[in-house]
Amino acid sequence: MSSRINPQIFSLIAVSLLAHVTMSGGRVTASLYALQHGGSEALAGVAYSLYNLLPAFLSLACGRWVDRVGPRRVMRISLVLMIAGLALPAMWDSIYAVFGTAILSGLGFSNYMLAAHVAVGLMPFERESDRVGMFGWLQMGNSVSAVVGPSITGLMIDFRGFGAAFGMLAAIVAASLACSFRVRLPSTGRVRPAAEAGDNLMALVWRDPQLLRVYAVAMTISLSWDGFVFMAPVLGHARGYTATEVGMVLSAFACGTFSVRALLPWLSRVLSEWRMLALAFTVSACVFISLPFVHVGWLHALMGFIFGLAAGGGHPNIVSLIYRYVPQGRVGEGIGLRSLAGNLTGLVGPSVFGAISAVFGVVPVFLLVGGVMGASSWQARRGARLATAV
(Lines give C-alpha, C1' and ligand atoms only; values in the text may rest on other atoms or scores of the structure.)
Protein backbone atom coordinates (compact mmCIF):
# COMPACT_ATOMS: atom_id res chain seq x y z
CA MET A 1 0.00 0.00 0.00
CA SER A 2 2.77 2.45 0.89
CA SER A 3 4.22 2.38 -2.62
CA ARG A 4 0.99 3.76 -4.01
CA ILE A 5 0.60 6.62 -1.53
CA ASN A 6 1.04 10.07 -3.04
CA PRO A 7 3.28 12.04 -0.61
CA GLN A 8 1.07 15.12 -1.07
CA ILE A 9 -1.51 13.49 1.21
CA PHE A 10 0.80 13.91 4.20
CA SER A 11 1.10 17.65 3.53
CA LEU A 12 -2.67 17.96 3.45
CA ILE A 13 -3.02 15.91 6.64
CA ALA A 14 -0.58 18.19 8.48
CA VAL A 15 -2.33 21.39 7.44
CA SER A 16 -5.81 19.94 8.05
CA LEU A 17 -4.84 18.71 11.52
CA LEU A 18 -4.05 22.24 12.67
CA ALA A 19 -7.02 23.80 10.89
CA HIS A 20 -9.60 21.41 12.33
CA VAL A 21 -9.26 22.71 15.89
CA THR A 22 -11.61 25.48 14.72
CA MET A 23 -14.41 22.96 14.73
CA SER A 24 -13.31 20.40 17.32
CA GLY A 25 -12.37 22.92 19.98
CA GLY A 26 -14.37 25.94 18.86
CA ARG A 27 -17.77 24.27 18.81
CA VAL A 28 -17.34 22.82 22.30
CA THR A 29 -16.10 26.18 23.58
CA ALA A 30 -19.04 28.03 22.04
CA SER A 31 -21.60 25.61 23.51
CA LEU A 32 -20.03 25.68 26.97
CA TYR A 33 -19.76 29.48 26.86
CA ALA A 34 -23.51 29.72 26.33
CA LEU A 35 -24.26 27.19 29.09
CA GLN A 36 -21.84 28.64 31.66
CA HIS A 37 -23.02 32.22 31.08
CA GLY A 38 -26.60 31.47 32.02
CA GLY A 39 -27.87 30.39 28.62
CA SER A 40 -30.25 27.51 28.06
CA GLU A 41 -29.64 24.34 26.09
CA ALA A 42 -31.53 26.00 23.23
CA LEU A 43 -29.06 28.94 23.18
CA ALA A 44 -26.16 26.47 23.23
CA GLY A 45 -27.75 24.76 20.24
CA VAL A 46 -27.90 28.10 18.40
CA ALA A 47 -24.21 28.76 19.12
CA TYR A 48 -23.32 25.32 17.82
CA SER A 49 -25.55 25.56 14.76
CA LEU A 50 -24.19 28.91 13.60
CA TYR A 51 -21.03 27.13 12.46
CA ASN A 52 -23.23 25.76 9.68
CA LEU A 53 -25.08 28.96 8.78
CA LEU A 54 -23.07 30.33 5.85
CA PRO A 55 -21.85 26.93 4.57
CA ALA A 56 -25.50 25.90 4.33
CA PHE A 57 -26.01 28.59 1.69
CA LEU A 58 -22.56 29.04 0.10
CA SER A 59 -21.06 25.53 -0.18
CA LEU A 60 -22.38 24.91 -3.69
CA ALA A 61 -20.93 28.22 -4.89
CA CYS A 62 -17.63 27.37 -3.21
CA GLY A 63 -17.56 24.02 -4.99
CA ARG A 64 -17.94 25.78 -8.33
CA TRP A 65 -15.19 28.19 -7.28
CA VAL A 66 -12.83 25.28 -6.56
CA ASP A 67 -13.65 23.72 -9.95
CA ARG A 68 -12.64 27.00 -11.60
CA VAL A 69 -9.49 28.05 -9.71
CA GLY A 70 -8.28 24.85 -8.05
CA PRO A 71 -8.00 24.03 -4.35
CA ARG A 72 -4.82 25.89 -3.30
CA ARG A 73 -6.18 29.45 -3.31
CA VAL A 74 -9.47 28.46 -1.70
CA MET A 75 -7.71 26.65 1.14
CA ARG A 76 -5.51 29.60 2.09
CA ILE A 77 -8.28 32.19 1.95
CA SER A 78 -10.38 29.90 4.13
CA LEU A 79 -7.64 29.67 6.77
CA VAL A 80 -7.46 33.47 6.97
CA LEU A 81 -11.22 33.60 7.48
CA MET A 82 -10.98 31.09 10.35
CA ILE A 83 -8.30 33.15 12.11
CA ALA A 84 -10.40 36.30 11.85
CA GLY A 85 -13.41 34.52 13.30
CA LEU A 86 -11.54 33.02 16.25
CA ALA A 87 -9.94 36.36 17.12
CA LEU A 88 -13.34 37.98 17.80
CA PRO A 89 -14.22 36.36 21.17
CA ALA A 90 -10.54 36.41 22.19
CA MET A 91 -10.76 40.23 22.16
CA TRP A 92 -14.45 40.74 23.05
CA ASP A 93 -16.05 38.73 25.86
CA SER A 94 -19.63 38.50 24.59
CA ILE A 95 -22.05 35.87 23.35
CA TYR A 96 -22.36 37.97 20.18
CA ALA A 97 -18.63 37.57 19.55
CA VAL A 98 -19.04 33.82 20.05
CA PHE A 99 -21.84 33.86 17.49
CA GLY A 100 -19.55 35.80 15.12
CA THR A 101 -16.72 33.31 15.42
CA ALA A 102 -19.15 30.47 14.78
CA ILE A 103 -20.37 32.10 11.56
CA LEU A 104 -16.95 33.05 10.15
CA SER A 105 -14.97 30.02 11.31
CA GLY A 106 -17.69 27.64 10.17
CA LEU A 107 -17.60 29.06 6.64
CA GLY A 108 -13.82 29.06 6.57
CA PHE A 109 -13.43 25.46 7.67
CA SER A 110 -16.20 24.17 5.41
CA ASN A 111 -14.60 25.78 2.37
CA TYR A 112 -11.15 24.58 3.41
CA MET A 113 -12.17 20.94 3.69
CA LEU A 114 -14.15 21.08 0.46
CA ALA A 115 -11.03 22.25 -1.38
CA ALA A 116 -8.84 19.69 0.42
CA HIS A 117 -11.09 16.83 -0.72
CA VAL A 118 -10.91 18.05 -4.30
CA ALA A 119 -7.12 18.14 -3.93
CA VAL A 120 -7.08 14.49 -2.86
CA GLY A 121 -9.36 13.61 -5.76
CA LEU A 122 -6.86 15.12 -8.20
CA MET A 123 -4.13 12.75 -7.04
CA PRO A 124 -3.48 9.63 -9.14
CA PHE A 125 -4.48 6.21 -7.72
CA GLU A 126 -3.77 2.75 -9.08
CA ARG A 127 -7.12 1.39 -7.86
CA GLU A 128 -10.42 3.16 -7.29
CA SER A 129 -10.74 1.67 -3.80
CA ASP A 130 -7.50 3.42 -2.80
CA ARG A 131 -9.31 6.75 -3.11
CA VAL A 132 -11.56 5.83 -0.16
CA GLY A 133 -8.51 5.12 1.97
CA MET A 134 -6.87 8.43 1.09
CA PHE A 135 -10.03 10.36 1.91
CA GLY A 136 -9.95 8.56 5.24
CA TRP A 137 -6.30 9.41 5.78
CA LEU A 138 -6.97 13.08 5.00
CA GLN A 139 -9.57 13.08 7.75
CA MET A 140 -7.20 11.32 10.16
CA GLY A 141 -5.72 14.77 10.68
CA ASN A 142 -9.19 15.95 11.67
CA SER A 143 -9.49 13.03 14.07
CA VAL A 144 -6.18 13.83 15.75
CA SER A 145 -7.17 17.47 16.23
CA ALA A 146 -10.60 16.33 17.43
CA VAL A 147 -8.81 14.38 20.18
CA VAL A 148 -6.55 17.29 21.10
CA GLY A 149 -8.95 20.20 20.49
CA PRO A 150 -11.71 19.49 23.06
CA SER A 151 -9.16 18.38 25.68
CA ILE A 152 -6.90 21.43 25.49
CA THR A 153 -9.78 23.88 25.15
CA GLY A 154 -11.50 22.28 28.14
CA LEU A 155 -8.32 22.68 30.20
CA MET A 156 -7.82 26.23 28.95
CA ILE A 157 -11.41 27.17 29.87
CA ASP A 158 -11.08 25.69 33.35
CA PHE A 159 -7.76 27.41 34.11
CA ARG A 160 -7.56 30.53 31.90
CA GLY A 161 -11.07 31.31 30.71
CA PHE A 162 -12.90 31.42 27.41
CA GLY A 163 -10.99 34.34 25.88
CA ALA A 164 -7.70 32.49 26.25
CA ALA A 165 -9.24 29.37 24.73
CA PHE A 166 -10.37 31.21 21.60
CA GLY A 167 -7.02 33.02 21.36
CA MET A 168 -5.17 29.72 21.52
CA LEU A 169 -7.34 28.29 18.72
CA ALA A 170 -6.64 31.35 16.54
CA ALA A 171 -2.89 30.89 17.04
CA ILE A 172 -3.08 27.22 16.08
CA VAL A 173 -4.95 27.99 12.85
CA ALA A 174 -2.37 30.72 12.10
CA ALA A 175 0.26 27.98 12.36
CA SER A 176 -1.77 25.99 9.85
CA LEU A 177 -1.71 28.92 7.43
CA ALA A 178 2.06 29.25 7.82
CA CYS A 179 2.50 25.54 7.12
CA SER A 180 0.38 25.77 3.97
CA PHE A 181 3.06 27.99 2.38
CA ARG A 182 5.78 25.46 3.12
CA VAL A 183 4.13 22.23 1.97
CA ARG A 184 3.41 21.08 -1.55
CA LEU A 185 -0.28 21.28 -2.39
CA PRO A 186 -2.11 20.55 -5.65
CA SER A 187 -2.38 23.89 -7.43
CA THR A 188 -5.16 23.47 -9.99
CA GLY A 189 -8.36 21.54 -10.39
CA ARG A 190 -10.24 20.33 -13.42
CA VAL A 191 -11.70 23.47 -14.94
CA ARG A 192 -15.32 22.90 -15.85
CA PRO A 193 -16.07 23.49 -19.54
CA ALA A 194 -18.17 26.57 -20.25
CA ALA A 195 -20.82 24.43 -21.91
CA GLU A 196 -21.52 22.76 -18.57
CA ALA A 197 -21.78 25.97 -16.57
CA GLY A 198 -25.55 26.13 -16.88
CA ASP A 199 -26.18 22.48 -16.05
CA ASN A 200 -28.29 21.90 -12.98
CA LEU A 201 -26.58 19.44 -10.67
CA MET A 202 -29.69 19.21 -8.50
CA ALA A 203 -31.67 18.01 -11.53
CA LEU A 204 -29.05 15.34 -12.12
CA VAL A 205 -29.36 14.20 -8.51
CA TRP A 206 -33.16 13.97 -8.72
CA ARG A 207 -32.93 11.92 -11.93
CA ASP A 208 -30.48 9.40 -10.48
CA PRO A 209 -31.99 7.43 -7.53
CA GLN A 210 -28.61 6.08 -6.47
CA LEU A 211 -27.02 9.53 -6.40
CA LEU A 212 -30.03 10.87 -4.51
CA ARG A 213 -29.53 8.08 -1.98
CA VAL A 214 -25.88 9.16 -1.57
CA TYR A 215 -26.89 12.68 -0.58
CA ALA A 216 -29.72 11.48 1.65
CA VAL A 217 -27.46 9.22 3.72
CA ALA A 218 -24.82 11.97 3.77
CA MET A 219 -27.34 14.18 5.58
CA THR A 220 -28.04 11.48 8.15
CA ILE A 221 -24.30 11.07 8.79
CA SER A 222 -24.12 14.79 9.52
CA LEU A 223 -27.20 14.50 11.73
CA SER A 224 -25.68 11.75 13.85
CA TRP A 225 -22.29 13.46 14.07
CA ASP A 226 -23.74 16.80 15.13
CA GLY A 227 -26.19 15.03 17.41
CA PHE A 228 -23.39 13.36 19.33
CA VAL A 229 -20.95 16.28 19.42
CA PHE A 230 -23.65 18.72 20.51
CA MET A 231 -25.52 16.46 22.90
CA ALA A 232 -22.38 15.20 24.65
CA PRO A 233 -21.80 18.59 26.37
CA VAL A 234 -25.53 18.90 27.07
CA LEU A 235 -25.68 15.41 28.60
CA GLY A 236 -22.40 16.04 30.44
CA HIS A 237 -23.71 19.33 31.82
CA ALA A 238 -26.84 17.55 33.06
CA ARG A 239 -24.68 14.85 34.67
CA GLY A 240 -22.45 17.44 36.37
CA TYR A 241 -19.29 16.79 34.30
CA THR A 242 -16.53 19.43 34.25
CA ALA A 243 -15.41 20.99 30.95
CA THR A 244 -12.36 18.72 31.05
CA GLU A 245 -14.54 15.61 31.42
CA VAL A 246 -16.77 16.69 28.53
CA GLY A 247 -13.65 17.22 26.45
CA MET A 248 -12.45 13.71 27.27
CA VAL A 249 -15.75 12.19 26.10
CA LEU A 250 -15.41 13.98 22.77
CA SER A 251 -11.76 13.02 22.56
CA ALA A 252 -12.70 9.35 22.96
CA PHE A 253 -15.13 9.78 20.06
CA ALA A 254 -12.32 11.32 18.00
CA CYS A 255 -10.03 8.40 18.87
CA GLY A 256 -12.62 6.09 17.36
CA THR A 257 -12.82 8.13 14.15
CA PHE A 258 -9.03 8.15 13.90
CA SER A 259 -8.78 4.39 14.36
CA VAL A 260 -11.24 3.49 11.61
CA ARG A 261 -9.83 6.08 9.18
CA ALA A 262 -6.33 4.72 9.67
CA LEU A 263 -7.62 1.31 8.57
CA LEU A 264 -9.73 2.51 5.62
CA PRO A 265 -7.12 1.75 2.92
CA TRP A 266 -7.40 -1.90 3.93
CA LEU A 267 -11.09 -1.97 4.81
CA SER A 268 -11.92 -0.54 1.38
CA ARG A 269 -10.46 -3.67 -0.22
CA VAL A 270 -12.84 -5.88 1.75
CA LEU A 271 -16.07 -3.85 1.90
CA SER A 272 -17.63 -1.57 -0.68
CA GLU A 273 -18.63 1.96 0.25
CA TRP A 274 -22.31 1.03 0.63
CA ARG A 275 -21.61 -1.98 2.83
CA MET A 276 -19.37 0.02 5.15
CA LEU A 277 -22.08 2.64 5.43
CA ALA A 278 -24.75 0.05 6.26
CA LEU A 279 -22.60 -1.37 9.06
CA ALA A 280 -21.79 2.11 10.39
CA PHE A 281 -25.45 3.13 10.55
CA THR A 282 -26.41 -0.03 12.41
CA VAL A 283 -23.74 0.52 15.08
CA SER A 284 -24.68 4.22 15.34
CA ALA A 285 -28.33 3.35 15.94
CA CYS A 286 -27.38 1.05 18.81
CA VAL A 287 -25.15 3.70 20.41
CA PHE A 288 -27.75 6.47 20.28
CA ILE A 289 -30.49 4.29 21.71
CA SER A 290 -28.20 3.27 24.60
CA LEU A 291 -26.58 6.62 25.47
CA PRO A 292 -29.40 8.30 27.46
CA PHE A 293 -29.26 5.45 29.95
CA VAL A 294 -25.52 5.87 30.60
CA HIS A 295 -24.70 7.69 33.86
CA VAL A 296 -20.97 6.97 34.25
CA GLY A 297 -18.36 9.16 32.61
CA TRP A 298 -15.98 6.40 31.50
CA LEU A 299 -18.85 4.40 29.97
CA HIS A 300 -20.02 7.53 28.15
CA ALA A 301 -16.49 7.87 26.74
CA LEU A 302 -16.48 4.20 25.70
CA MET A 303 -19.75 4.64 23.83
CA GLY A 304 -18.26 7.71 22.20
CA PHE A 305 -15.31 5.65 21.00
CA ILE A 306 -17.61 3.01 19.52
CA PHE A 307 -19.68 5.66 17.77
CA GLY A 308 -16.44 7.16 16.44
CA LEU A 309 -15.55 3.81 14.90
CA ALA A 310 -18.90 3.82 13.12
CA ALA A 311 -19.08 7.47 12.12
CA GLY A 312 -15.43 7.95 11.14
CA GLY A 313 -15.72 5.97 7.93
CA GLY A 314 -18.94 7.60 6.79
CA HIS A 315 -17.70 10.80 5.18
CA PRO A 316 -14.77 9.29 3.21
CA ASN A 317 -17.12 6.71 1.71
CA ILE A 318 -19.68 9.37 0.82
CA VAL A 319 -17.06 11.52 -0.94
CA SER A 320 -15.81 8.45 -2.82
CA LEU A 321 -19.36 7.70 -4.00
CA ILE A 322 -19.71 11.30 -5.19
CA TYR A 323 -16.52 10.91 -7.23
CA ARG A 324 -17.97 7.70 -8.63
CA TYR A 325 -21.36 9.12 -9.68
CA VAL A 326 -20.82 12.87 -10.39
CA PRO A 327 -19.57 13.84 -13.90
CA GLN A 328 -15.86 14.66 -14.23
CA GLY A 329 -15.03 18.34 -13.92
CA ARG A 330 -17.91 18.89 -11.47
CA VAL A 331 -16.51 17.09 -8.46
CA GLY A 332 -16.02 20.31 -6.51
CA GLU A 333 -19.65 21.21 -7.15
CA GLY A 334 -20.72 17.71 -6.15
CA ILE A 335 -18.79 17.89 -2.88
CA GLY A 336 -20.15 21.40 -2.38
CA LEU A 337 -23.69 20.05 -2.66
CA ARG A 338 -22.86 17.40 -0.05
CA SER A 339 -21.45 20.11 2.19
CA LEU A 340 -24.56 22.23 1.65
CA ALA A 341 -26.82 19.33 2.60
CA GLY A 342 -24.74 18.45 5.64
CA ASN A 343 -24.56 22.04 6.82
CA LEU A 344 -28.30 22.50 6.45
CA THR A 345 -28.67 19.49 8.73
CA GLY A 346 -26.10 20.94 11.12
CA LEU A 347 -27.82 24.31 11.06
CA VAL A 348 -31.25 22.96 11.96
CA GLY A 349 -30.43 19.81 13.92
CA PRO A 350 -28.63 21.11 17.05
CA SER A 351 -31.13 23.94 17.48
CA VAL A 352 -33.98 21.43 17.34
CA PHE A 353 -32.09 19.06 19.64
CA GLY A 354 -31.53 21.86 22.15
CA ALA A 355 -35.18 22.90 22.05
CA ILE A 356 -36.39 19.32 22.53
CA SER A 357 -33.93 18.78 25.39
CA ALA A 358 -35.03 21.98 27.12
CA VAL A 359 -38.68 20.88 27.08
CA PHE A 360 -38.64 17.07 27.19
CA GLY A 361 -35.12 16.12 28.29
CA VAL A 362 -32.35 14.33 26.42
CA VAL A 363 -33.93 10.89 25.95
CA PRO A 364 -36.24 11.78 23.00
CA VAL A 365 -33.33 13.32 21.09
CA PHE A 366 -31.18 10.20 21.33
CA LEU A 367 -34.08 7.90 20.42
CA LEU A 368 -34.96 10.09 17.43
CA VAL A 369 -31.43 10.06 16.03
CA GLY A 370 -31.15 6.32 16.68
CA GLY A 371 -34.32 5.70 14.67
CA VAL A 372 -33.01 7.77 11.76
CA MET A 373 -29.76 5.80 11.80
CA GLY A 374 -31.67 2.53 11.63
CA ALA A 375 -33.61 3.72 8.58
CA SER A 376 -30.37 4.88 6.95
CA SER A 377 -28.83 1.44 7.42
CA TRP A 378 -31.71 -0.02 5.42
CA GLN A 379 -31.16 2.54 2.64
CA ALA A 380 -27.44 1.80 2.52
CA ARG A 381 -28.14 -1.92 2.13
CA ARG A 382 -30.45 -1.09 -0.78
CA GLY A 383 -27.68 0.98 -2.32
CA ALA A 384 -25.27 -1.96 -2.01
CA ARG A 385 -27.73 -4.30 -3.74
CA LEU A 386 -28.30 -1.88 -6.63
CA ALA A 387 -24.55 -1.25 -7.04
CA THR A 388 -23.92 -5.00 -7.20
CA ALA A 389 -26.68 -5.50 -9.75
CA VAL A 390 -25.22 -2.92 -12.18
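A nonpolar patch joins nonpolar side chains (Val, Leu, Ile, Met, Phe, Trp, Tyr) that lie within 5 Å, each with over 30% relative accessible area and no salt bridge. In this predicted model, Val296, Trp298, Leu302 and Ile306 make such a patch on the surface, of about 380 Å². A patch of positive charge is also found on the surface, and the whole structure holds 2 salt bridges.

**Surface patches**

- Ile306, one of the residues of the nonpolar patch, sits in helix 13, which spans residues 297–311.
- With a relative accessible area of 30%, Ile306 is classed as partly exposed.
- The positive patch gathers four arginines: Arg275, Arg381, Arg382 and Arg385.
- Helix 16 (residues 363–389) supplies the largest share of the positive patch, 3 residues.
- Arg382 belongs to helix 16 and is partly exposed, because its relative accessibility is 33%.

**Salt bridge Arg64–Glu333**

- Arg64 pairs with Glu333 in a salt bridge whose closest N and O atoms are 3.1 Å apart.
- Arg64 is in helix 4 (residues 53–69) and Glu333 in helix 15 (residues 331–360), so the bridge ties together parts that are 269 residues apart in sequence.
- The Arg64 side of the pair is partly exposed, at 30% relative accessible area, whereas Glu333 is buried, at 1%.

**Salt bridge Arg324–Glu273**

- A salt bridge also joins the side chains of Arg324 and Glu273, with an N to O distance of 2.7 Å.
- This pair links distant parts of the chain, 51 residues apart, with Arg324 in helix 14 and Glu273 in helix 12 (residues 273–290).
- Arg324 is partly exposed at 41% relative accessibility, while Glu273 is buried, with a relative accessible area of 8%.

**Buried positions in helices 10 and 14**

- Ile322 lies in helix 14, which covers residues 314–325.
- Ile322 counts as buried because its relative accessibility is 0%.
- Beyond its neighbours within four places in sequence, Ile322 touches Val214, Tyr215, Gly334, Ile335 and Arg338.
- The C-alpha atoms of Ile322 and Ala218 are 10 Å apart in space, although the two residues are separated by 104 residues in sequence.
- Ser222 is placed in helix 10 (residues 209–239).
- At 11% relative accessibility, Ser222 falls under the 20% cut-off and so counts as buried.
- Outside its neighbours within four places in sequence, Ser222 is in contact with Arg338, Gly342 and Thr345.
- Arg338 is thus among the contacts of both Ile322 and Ser222.

Definitions and conventions:
Residues numbered from 1 in each chain as written. Predicted model: local features only at pLDDT ≥ 70, side-chain atom pairs only at ≥ 80, totals over all residues. Heavy atoms only, no water. Patch = residues over 30% accessible without salt bridge, like charges linked within 9 Å, V, L, I, M, F, W, Y side chains within 5 Å. Areas by Shrake-Rupley, 256 points an atom, 1.4 Å probe, with all protein chains shown as cover. Lys, Arg positive; Asp, Glu negative; His and termini not counted. Charge placed at Lys NZ, Arg CZ, Asp CG, Glu CD. Helix = DSSP H or I, 4+ residues; strand = E, 2+ residues; numbered from the N terminus. Buried < 20%, exposed > 50% of the residue type's maximum accessible area, 1.4 Å probe, protein only. Contact = heavy atoms within 4.5 Å.
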